[in-house]
Amino acid sequence: RHPLATFFHLFFRVSAIVTYLFCDWFSNSFVACFVTILLLLSFDFWSVKNVTGRLLVGLHWRNQIDEDGKSHWMFEAKRVPTIAASTEAEARIFWLGLIICPVIWTMFFFSTLFSLKLKWLALVIAGISLQTANLYGYIHCKLGGQKTISRVTSRLCGTADVPKRQSRRISEDGTEEHGKTGTR
Amino acid sequence: FPGLADVSIPQDIPVEGEITVPVGSHSPDEDYSTLDEPVKDTIMRDLKAVGKKFVHVMYPRKSSALLRDWDLWGPLVLCVSLALMLQGGSADSKDDGGPQFAEVFVIIWFGAVVITLNSKLLGGTISFFQSLCVLGYCVLPLTVAMLVCRLVLLAGMGTISFIIRLIVVGAMFAWSTLASTAFLADSQPPNRKALVVYPIFLFYFVISWMILTFTPQ
């Protein structure tokens, strides 16, 4: 249903990793590689946070500051009524992409540390923090969403029952009144 | 009415009460939920927010609305452009300006984080990311100074050019410090203001020093 969103979800992350691995082939300049990877990571962070999460799995997290200056972290989850096959596949791609990439960047962190290529360390740390932030935010949404779903089902059960009881009440009142009038 | 004694409905009514209880503190159905915005709206909204903040830095007045909507795009762009301008600019090679570029980056971000921690430890009411946002955006005058310095250095490297650069960098440094102080100092109790302002002063001083002592190879 959202092929473009799925594509972009993976595109920025995978490009950042590929560029990091093969930067020697693309350009001799450290600065160009650094800036390119940083921009790819930033675009990836923004698009996963604001676009692909909403479209692919119906989750969104953000920070809001109210008038008192206090910051609130909001985790929103869409109440999903339908689970189509295409949505399942998209959701699976979303979560796989979300989980695997921070793991890869963590591996890069250790390889950079131990091979002493320390000038890349800042970039790898930036990559880990951005991708882990998204991962954490979405897991928080998802877990919060579990509570939403259980509340939604109890609400649905509630609303389904109330009309019955109401009608029962009416009928009871009716019969009672009938009874009353009857006895009267 | 004897019939009413048999009615057990009131116990079920709380289910209706739950309908109005939202998830957390916000129901996703409220007007400003962002779950169903079209993508273009999101992009335009963010771009406009960034633009507005740049304008606010150029004309600093205390405005709490600015602080509410923090983002780190502006600081990223400014940091990258400043770091690009501050490196040697020599021909592409494996060892060109690599460490200098990363140095500038680390100084700016690490410095901003330390200042934020300092103000939080002193009991500031501003949040972590808001403070980073303000400090990052207030690097704008210094970036402009860097641009001017590079242009002046193209013309020559004598005493006059040094004096011009000194004046420009000094003015922009004062502007940066005043702009960020206007936003940040008010979140502190009055007797702590100096304690918060002096690290900001140091931070912009270090950046100004890097700009002033820059000489192209």
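1. Read along its sequence, chain B of this predicted model follows the pattern α-α-α-α-α-α-α-α-α, and the corresponding tally for chain B is nine helices and zero strands. A reader new to the structure may find it useful to begin with this chain and then to move on to the places where chain B meets chain A.

2. Some overall values describe chain B further. Of its 217 residues, 44% count as buried, and the accessible surface of chain B comes to about 11700 Å², of which 69% belongs to carbon and sulfur atoms. Among the contacts in chain B with a separation of 6 or more, 74% are accounted for by residues 24 or more positions apart.

3. One helix pair in chain B deserves a closer look. Helix α7 (residues 140-155) of chain B packs with helix α9 (residues 193-212) of chain B at an angle of about 10°, and the axes of the two helices are 10 Å apart. Because angles under 35 degrees count as roughly parallel, α7(B) is described as roughly parallel to α9(B). On the side of α7(B) the contact is made by Leu142(B), Met146(B) and Cys149(B), while α9(B) contributes Tyr204(B), Ile207(B), Ser208(B) and Ile211(B).

4. Aromatic rings form the next topic, and over all chains the count comes to 31 aromatic pairs. In one of these, the rings of Phe34(A) and Phe101(B) have their centres 5.1 Å apart and their planes at 75°, so the pair is edge-to-face. This pair crosses between chains, with Phe34(A) in helix α3 (residues 30-57) of chain A and Phe101(B) in helix α5 (residues 98-121) of chain B, and both Phe34(A) and Phe101(B) are buried.

5. A further edge-to-face pair is made by Trp73(A) and Phe129(B), whose ring centres lie 6.1 Å apart with the planes at 80°. Trp73(A) lies in strand β2 (residues 71-77) of chain A and Phe129(B) in helix α6 (residues 128-137) of chain B, so this pair, too, joins two chains. As for exposure, Trp73(A) counts as partly exposed at 41% relative accessibility, and Phe129(B) likewise counts as partly exposed, at 28% relative accessibility.

6. Phe34(A) and Phe101(B) also belong to one aromatic cluster, whose other members are Tyr20(A), Phe30(A), Trp105(A), Phe108(A), Trp120(A) and Phe105(B). The cluster therefore draws its residues from chain A and from chain B, as the chain letters of its members show.

7. Is Asn134(A) buried or exposed? Asn134(A), whose place is in helix α5 of chain A, counts as buried, because its relative accessibility is 0%. Leaving aside the neighbours within four places in sequence, Asn134(A) is in contact with Arg13(A), Asp44(A), Phe45(A), Val48(A), Lys49(A), Trp61(A) and Leu98(A). Lys49(A) and Trp61(A), both on that list, are also related to each other, since Lys49(A) lies over the face of Trp61(A), at 5.1 Å from the ring centre.

8. The last point concerns the backbone of chain A. Leu116(A) has a positive phi of about 60°, although Leu116(A) is not a glycine, and a reader checking the model may wish to know where this residue sits. Leu116(A) is found in the loop between α4 (85-114) and α5 (121-183) of chain A, and at 63% relative accessibility Leu116(A) counts as exposed.

Methods. Residues are numbered from 1 along each chain as its sequence is written. Chains are lettered from A and ligands numbered from 1 in the order in which they are written. This is a predicted model: local features need pLDDT of at least 70, side-chain atom pairs count only at pLDDT 80 or more; totals for chains, interfaces and linings use all residues. Side-chain values use heavy atoms; hydrogens and water are left out. Helices (H or I, at least four residues) and strands (E, at least two) are DSSP runs, numbered from the N terminus. Buried means under 20% relative accessible area, exposed over 50%, partly exposed in between (1.4 Å probe, protein chains only). Contact means heavy atoms within 4.5 Å. Accessible areas come from the Shrake-Rupley method with a 1.4 Å probe; for residues, only the protein chains shown count as cover. Rings of Phe, Tyr and Trp (its six-membered ring) pair if their centres lie within 6.5 Å; planes under 30 degrees apart count as stacked, over 60 as edge-to-face and the rest as tilted. A charge sits over a ring if NZ of Lys or CZ of Arg is within 6 Å of the ring centre and within 35 degrees of the ring normal. Axes are lines fitted to C-alpha atoms, for helices over the stretch in contact, and angles run from 0 to 180 degrees between N-to-C directions. Angles under 35 degrees count as roughly parallel, over 145 as roughly antiparallel, 65 to 115 as roughly perpendicular and the rest as oblique.
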